[in-house]
Amino acid sequence: MPRLLTLALTVLLALGTAVLPGAPAGAGALPSRTVTAVGHEHDPPFITGRVSPDFGGKKAVVQRKKCRAGCTWKTYAKVATNPKGYYRANVQWPKAGKKLYYRVKANQCGGYATSYSMVLVAQL
């Protein structure tokens, strides 16, 4: 059975929780960071990406949920970024016939708002 780890067509905007990079939500709102995430189909699968600007040496939070809607995001792992803001996090394949949803979160700090990557979907 082929493994599939893809970007979800439904980005966080559709879920109503997106923070666009550099787009303030309102007057006086903090700018957000750019958070990228790419899924890699290896054994074990992993996610790589970058948080910019100025996020080197900090912890990015990998979040996971088990359903598309109606579930809450839970912290799956906290991964350190290198001095340039790059990270790598191992993830899990779901059970056969199921899907797991992953995203990466950069917490508010340094004058930037909490920011999120697009949603990645892992499926067997």
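This is a short chat about a predicted model and one lysine in it.

Biologist: What does the secondary structure of the chain come to?
Modeller: One helix and ten strands. From the N terminus, the order is β-α-β-β-β-β-β-β-β-β-β. Keep in mind that the model is predicted.

Biologist: How much of the chain counts as buried?
Modeller: 36% of the 124 residues. The accessible surface comes to about 7,000 Å². Carbon and sulfur atoms hold 55% of that surface.

Biologist: On to Lys 105. Where is its place?
Modeller: Lys 105 is in strand β8, residues 99-106.

Biologist: Is Lys 105 buried, and which side chain of opposite charge is nearest?
Modeller: Lys 105 is buried, and it has no salt bridge. The nearest side chain of opposite charge is Asp 54, 20 Å away. A salt bridge needs the nitrogen and the carboxyl oxygen within 4 Å.

Biologist: Which side chain does join Lys 105 in a polar contact?
Modeller: Asn 107, at 3.4 Å.

Biologist: And what is Lys 105 in contact with, leaving aside neighbours within four places in sequence?
Modeller: Ala 60, Val 61, Gln 63, Thr 114, Ser 115 and Tyr 116.

Biologist: New topic: strand β5. How many of its residues are buried?
Modeller: Six of seven, so β5 (residues 59-65) is mostly covered.

Biologist: Which strands is β5 joined to by bridges?
Modeller: Six bridges join β5 to β6, residues 74-80. Five join β5 to β8. β5 runs antiparallel to β6, and β5 and β8 are antiparallel too.

Biologist: What stands opposite Val 61 and Val 62?
Modeller: Val 61 faces Lys 78 in β6. Val 62 stands opposite Val 104 in β8.

Methods: Residues are numbered from 1 along each chain as its sequence is written. This is a predicted model: local features need pLDDT of at least 70, side-chain atom pairs count only at pLDDT 80 or more; totals for chains, interfaces and linings use all residues. Side-chain values use heavy atoms; hydrogens and water are left out. Helices (H or I, at least four residues) and strands (E, at least two) are DSSP runs, numbered from the N terminus. Buried means under 20% relative accessible area, exposed over 50%, partly exposed in between (1.4 Å probe, protein chains only). Lys and Arg count as positive and Asp and Glu as negative; His and the chain ends are not counted. A polar contact is a pair of N or O atoms within 3.5 Å; within protein, one must be able to donate a hydrogen and the other to accept it, and residues adjacent in sequence count only if both atoms are side-chain atoms. Contact means heavy atoms within 4.5 Å. Two strands pair if DSSP finds at least two bridges between them. Accessible areas come from the Shrake-Rupley method with a 1.4 Å probe; for residues, only the protein chains shown count as cover.
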